[in-house]
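Biologist: I'd like a close look at one part of this model, please. Could you take me through the sheet and whatever packs on it, step by step?

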Amino acid sequence: MHRCTAATVPASPQQLALAAGVRAARAAQAVVAAAQERARELGARVTVAVVDEGGHLVALGRMDGAPPLSAQIAEAKAASVALFRRDGAALLQMQEAWPAFFARVAASRPVLAGAGSLLIRRADEVWGAVAASGGTPEHDDECAGAGVAAI
């Protein structure tokens, strides 16, 4: 009688990348859900964007009643934070200190700095960023913070 045994086949780089992408998408959805839950507690209506370390959109969630433009604003804030590796408040200080530099950068890519945008870090590694838009600056900050705290 012959016995069959299962062989372990190493995953291909494509399979590993797909698995990492699925995990990243799930984590991004958890960030959006936590930020929107905080918005509900505050009575705010926001859009939450999560981007990867390269500023590419991973997840976007717009609550009913959030301003229509908040989707573009949230994505631009999150991408700016990720690409400059600075939270929104620090990026705003840089923008105020070097307006000519930021004007040149903005000619090719929108840079939007301010409240409600935070880096997502694990240890010393930047995983991406989250931004909320549509509430007051304080509400946007709280919602983004709740999103980061979720992971």
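Modeller: Sure, and keep in mind that this is a predicted model. Let's begin with a pairing you can find by eye: Ile120 has Gly128 as its bridge partner, and Gly128 sits in strand S4. That bridge belongs to a longer match, since S3 and S4 (residues 125–133) run antiparallel to each other and share 6 bridges. If pairing is new to you, strands of a sheet are held to each other by backbone hydrogen bonds, in either a parallel or an antiparallel way.

Now zoom out to the whole sheet. It's an open one with 4 strands, in the order S2-S1-S4-S3, and the pairing is antiparallel. At the edges you'll find S2 (57–62) and S3 (117–122), each of which pairs on one side only. Going from one strand to the next, the twist averages 15 degrees.

Next, the helices that lie across the strands. Helix H2 (residues 70–84) goes across S1 (47–52), S2, S3 and S4, and runs at about 155 degrees to S4. Helix H5 (residues 137–149) lies across S3 and S4, at about 15 degrees to S3.

Let's stay with H5 for a moment, as you can check its length yourself. It has 13 residues, and at 1.5 Å a residue they should span 18 Å; the end C-alpha atoms are indeed 18 Å apart, so the two agree. Which residues of H5 are buried? They're Asp140, Cys143, Ala144, Gly147 and Val148. These buried residues cover an arc of only 135 degrees around the axis, so they lie on the same side of H5. Turn to the other side of H5 and you'll meet Glu138 and Ala149, which are exposed.

Back to H2, because its Phe84 takes part in one more thing to look at: the structure has 3 aromatic pairs, and in one of them the ring centres of Phe84 and Phe101 are 6.5 Å apart with the planes at 85 degrees. Planes over 60 degrees apart count as edge-to-face, so that's what this pair is. The two rings come from distant parts of the chain: Phe84 is in H2 and Phe101 is in helix H4 (residues 99–106), 17 residues apart. Ring pairs also bring in Phe102, making a cluster of Phe84, Phe101 and Phe102. Is Phe101 buried, exposed or partly exposed? With a relative accessible area of 42%, Phe101 is partly exposed.

Key:
Residues are numbered from 1 along each chain as its sequence is written. This is a predicted model: local features need pLDDT of at least 70, side-chain atom pairs count only at pLDDT 80 or more; totals for chains, interfaces and linings use all residues. Side-chain values use heavy atoms; hydrogens and water are left out. Two strands pair if DSSP finds at least two bridges between them. Helices (H or I, at least four residues) and strands (E, at least two) are DSSP runs, numbered from the N terminus. Axes are lines fitted to C-alpha atoms, for helices over the stretch in contact, and angles run from 0 to 180 degrees between N-to-C directions. Contact means heavy atoms within 4.5 Å. The expected span of a helix is 1.5 Å times one less than its number of residues. Buried means under 20% relative accessible area, exposed over 50%, partly exposed in between (1.4 Å probe, protein chains only). The arc is that of the directions from the helix axis to the C-beta atoms. Rings of Phe, Tyr and Trp (its six-membered ring) pair if their centres lie within 6.5 Å; planes under 30 degrees apart count as stacked, over 60 as edge-to-face and the rest as tilted.
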